[in-house]
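Me: Please take one part of this structure and describe closely how it is packed. I should like the account to proceed from that part to its surroundings.

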Amino acid sequence: VEEVLVRSHVMPVGVEPVASAGRGDRPLILWNHRWEYDKDPTTFFAALAAVDDLDWGLALVGESFQQAPTEFEEAKERYAGRLVAYGHLPRQEYEQLLAGATIVVSTARQEFFGVSVVEAAMAGAWPVVPNRLSYPSVFGEWAGRTNYAEGALADRLRRVLLDPPDDSEREALSDYLKARYAWPVVADAYDLRLEALASG
């Protein structure tokens with residue numbers, strides 16, 4: 001294993017940046033993951049209930065399956081007055097949603113990278129993500145501002161809703177992520193690694 005590690009290099013996936021757009025006065029919370037139990041929607045909806053006294057809109061998007069957790073149907077009824085999007089969207093509509101989202105939340109129990117969160121954060125949504133799995137590495141020096149401790153999602157979500165990061169902070173985080181994960185950057189890095197491998 002040590003011999004293989006010395007000759008190995010881990011490369012990130014590339015993410016296509018989506019241009020940011022103006023955000024409304026009402027914060028928009030985005031869930032943009034597969035509708036499966038390993039994404040832990042139970043914890044997500046419990047956090048929403050804990051901040052129900054605040055004003056926010058909600059977008060529940062992602063691929064759903066025959067055995068989708070029942071929490072989504074329940075949330076569709078409970079938050080009918082807050083919902084701006086629900087279910088799987090065509091790519092163009094999804095990009096428009098990303099461009100206007102204020103907060104993107106993850107409660108994942110299983111995550112290899114977190115493309116949907118990075119995609120939303122590049123577009124200007126502020127990530128509220130667990131301090132585990134890939135997220136400490138993905139957000140690096142920003143993890144103290146973006147990652148929440150186990151059991152602290154509702155508190156972090158409330159703080160971000162009451163005192164949201166300003167546009168300059170959102171832009172700085174977006175630039176940080178683009179410099180690491182945007183496809184043009186990642187593609188160049190892949191080319192260099194593959195050329196070295198082919199000539200080695």
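Reply: A residue is termed buried under 20% relative accessible area, exposed over 50% and partly exposed in between, with a 1.4 Å probe and protein chains only. The model is predicted, so local features need pLDDT of at least 70 and side-chain atom pairs pLDDT 80 or more, whereas totals for chains, interfaces and linings use all residues. Numbering starts from 1 along each chain as its sequence is written, and side-chain values use heavy atoms, without hydrogens or water.

The part chosen is helix H3, which spans residues 71–78; helices (H or I, at least four residues) and strands (E, at least two) are DSSP runs numbered from the N terminus. The buried residues of H3 are Glu-71, Phe-72 and Ala-75. Viewed down the axis of H3, these residues fall within an arc of 95° (taken from the directions from the axis to the C-beta atoms), so they line one face of the helix. On the other side of H3, the exposed residues are Glu-74 and Glu-77. The cover over the buried residues of H3 includes strand E1 (28–32), helix H2 (41–50), strand E2 (57–61) and strand E3 (83–87), where contact means heavy atoms within 4.5 Å.

Phe-72 also takes part in aromatic pairing. Across the whole structure, a search finds 10 aromatic pairs (ring centres of Phe, Tyr or the six-membered ring of Trp within 6.5 Å; planes under 30 degrees stacked, over 60 edge-to-face, the rest tilted). In one of them, Trp-31 and Phe-72 have ring centres 5.7 Å apart and planes at 65°, so this pair is edge-to-face. Because Trp-31 belongs to strand E1 and Phe-72 to helix H3, the pair ties together parts that are 41 residues apart in sequence. Trp-31 counts as buried because its relative accessibility is 0%, and Phe-72 likewise counts as buried because its value is 1%.

Phe-72 has a further partner in Phe-45: their ring centres are 5.3 Å apart and their planes lie at 85°, so this pair too is edge-to-face. With Phe-45 in helix H2 and Phe-72 in helix H3, the pair therefore ties together parts that are 27 residues apart in sequence. Both Phe-45 and Phe-72 are buried. Ring pairs link Phe-72 into a cluster with Trp-31, Trp-35, Phe-44, Phe-45 and Tyr-86.

Helix H2, the element that holds Phe-45, can be described in a similar way. Its buried residues are Pro-41, Phe-44, Phe-45, Ala-47 and Leu-48. Seen down the axis of H2, they fall within an arc of 155°, so they line one face of the helix. What covers these residues includes H3, together with E1, E2, strand E4 (103–105) and helix H8 (153–162).

The backbone beside H2 also merits a remark. Asp-40 is placed in the loop between E1 and H2, and its phi is near 55°, a positive value in a residue other than glycine. Asp-40 counts as buried because its relative accessible area is 12%. Leu-133, in the loop between strand E5 (126–130) and helix H6 (135–139), likewise has phi near 55°, a positive value in a residue other than glycine. Leu-133, however, is partly exposed because its relative accessible area is 38%.
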